[in-house]
2 protein chains.
Amino acid sequence: MHIVITGGAGFLGSRLARQLLQRGTLTGRDGQPQAIKRITLLDVAPAQGFDDPRIEAVTGDIADAAVIERVITAETQSIFHLAAIVSGHAEADFDLGMKINFDATRVILERARALGSKPRVVFTSSVAVFGGELPAVVPDNTLLMPQSSYGAQKVMGELLVQDYSRKGFIDGRALRMPTISVRPGAPNKAASSFASGIIREPLNGQPSVCPVTPDTRMWLMSPRQAIANLIHGHEINGADLGLARFLSIDGLCVTVKEMVEALEQVAGKEVVQLIEWKEDEAIKRIVNSWPGAFEAKRAKALGFTADANFADIIRAHIEDEVKK
Amino acid sequence: MHIVITGGAGFLGSRLARQLLQRGTLTGRDGQPQAIKRITLLDVAPAQGFDDPRIEAVTGDIADAAVIERVITAETQSIFHLAAIVSGHAEADFDLGMKINFDATRVILERARALGSKPRVVFTSSVAVFGGELPAVVPDNTLLMPQSSYGAQKVMGELLVQDYSRKGFIDGRALRMPTISVRPGAPNKAASSFASGIIREPLNGQPSVCPVTPDTRMWLMSPRQAIANLIHGHEINGADLGLARFLSIDGLCVTVKEMVEALEQVAGKEVVQLIEWKEDEAIKRIVNSWPGAFEAKRAKALGFTADANFADIIRAHIEDEVKK
């Protein structure tokens, strides 16, 4: 089988590819495990660090229908659509956010529809679809009220996945992923970027700014857990999702204070002192509009899992990413 | 001030125009009542029956940016965006629904944004945004789960109105209108078309088919009430809408059985005998996915009003539409 991963050069996309290569199979059109013959990593930058012949790295604009037509073909049974303009960036550049987060999603779903073979499409959505007055722990049936353009664009993407699946054009599933922490690499323009930065940078001996207050609650997931849940989200039977093809994935609820305490516990006091507390109103406004915890009853019932605690997430990050 | 009404040749659009002409003023950019100088009725067919010099009838495709650019100009302070592909039609022709219900909405909002003057935009949404398991009376904070392409397209329109307003591009309000009954004119491809047909046709001595069961609950509004609420929706202060620019408008909850009983009460037994009961699974599926009653707390608090009872709606219809 052939798999397409958009955002395939990104840290989540390339990790997903590695995990899939190691796994070797994925549920195919027939509902049975099939050997993974080819994985296309589509991104604006070339995916690097692969020497497996099953990997094909393609650079191109995901909003360009010609690019999508070239990449998603009759052989494509599964699409992981991870590419996005992140929250802070989509807020700063509305038109770019609409183009990549919404129009490109539509181009991809239209192409999937045109295949006529009902491919599985895993779309990554976000906790940013929520906003407004919310209970402390958010149930699955909570009204979506995004307070950022990113959140609005993700809801529109969910609606497309929902309606294209209902119409039988695709077999889609939109997974609302918790904030990924600790994310490796450089800071990005996501409003949540600090949630990795305040751990990652100090562990590398570098200073980091925390733009929110210590009592800010985050709904988190480690990269390992995220990859496991993306694959699980692909593998579940679409019919088991019932009327709603969108799903809030189970995560870990921690305050920023608890994150920093866990960092101190794992790496010591000096490391924590590299965090500078400096509130940023724009980031606070977006992050505080997101819920800090979810019931995630549907996700749990469908077998999605969460990290046990944040200290373990930090330890896994050190194991996977920090140079010894 | 200049007002644009899309779907301006339709029964709701042309009634709205007549009401606005009679009213003479509408709240302008400055928050004060301004004299209505010009109303452009944009539609695929020419608006007819107007001899007021303030009326300008324009025919054109609302999804065509050039048409929208010509119609919405620097003078335009208010846009009532009523044009839509109705539910049954959007379900049968997915691409046309996406084009008119979503893409055209985006073209209109983009044009409104380009003006830079933050015009008021009244967008008509629908109870079709709801679906799935619902309480008997639906509260304002209910999760939207459209079970038709029309419903999905309306939610996406709401999200655009919401985000364009939050960004300060427009001063928008998305009003979820109850099913309009009794709608004059010919049957259309809306799944709810019968809700007018079973009253209108028998009153004109013609047979009519009811495709749903007598216990089906409808959430209704008379044309008069709909026009009053569209204008009220324009007049309210956008800031009073708070974080949510979308709103379920208060309506009247009746069963189809009660509708027919009211018809018998107003027009007699012979008229009711013109109704043929013949279930249609496709229509039943869509109509039964809509809620039959709403709390509409926000709408009530904002001064929107509902019809008192269905018999009065029938009497008003006879007064307004049925030839004596």
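How many residue pairs are in polar contact across the interface of chain A and chain B? In this predicted model, the rule finds 14 such pairs, counting those with both residues at pLDDT 80 or more.

**The interface as a whole.** Begin by selecting the residues of each chain that touch the other: 35 residues from chain A and 35 residues from chain B take part in the contact. Displaying the surface here shows where about 2,900 Å² is buried between chain A and chain B, with carbon and sulfur atoms giving 60% of that area.

**Charged pairs.** Next, show the acidic and basic side chains along the boundary. Eight salt bridges are found across the interface of chain A and chain B. For one of these, select Asp95(A) and Arg113(B), whose side chains form a salt bridge with an N to O distance of 2.8 Å.

**The chain A side.** Now select helix H4 (94–115) and helix H5 (149–166) of chain A; each supplies at least two residues of the side that touches chain B. H5(A) contributes the largest share of that side, 10 residues. Colouring the touching residues of chain A by class gives 17 nonpolar, seven polar and 11 charged.

**Helix H6 of chain B.** Finally, move to residues 194–203 of chain B, which form helix H6. This helix is mostly covered, with 10 of its 10 residues buried. Among the buried residues are the charged-group bearers Arg200(B) and Glu201(B), together with Phe194(B), Ile198(B), Ile199(B) and Leu203(B). Beyond the helix, select Gly205(B), which follows H6(B) and has a positive phi, near 75 degrees.

Note on methods: Residues numbered from 1 in each chain as written. Chains lettered and ligands numbered in written order. Predicted model: local features only at pLDDT ≥ 70, side-chain atom pairs only at ≥ 80, totals over all residues. Heavy atoms only, no water. Contact = heavy atoms within 4.5 Å. Buried area = accessible area lost by both parts, 1.4 Å probe. Salt bridge = Lys/Arg side-chain N within 4 Å of Asp/Glu carboxyl O. Polar contact = N/O pair within 3.5 Å; in protein donor to acceptor, adjacent residues only side chain to side chain. Helix = DSSP H or I, 4+ residues; strand = E, 2+ residues; numbered from the N terminus. Buried < 20%, exposed > 50% of the residue type's maximum accessible area, 1.4 Å probe, protein only.
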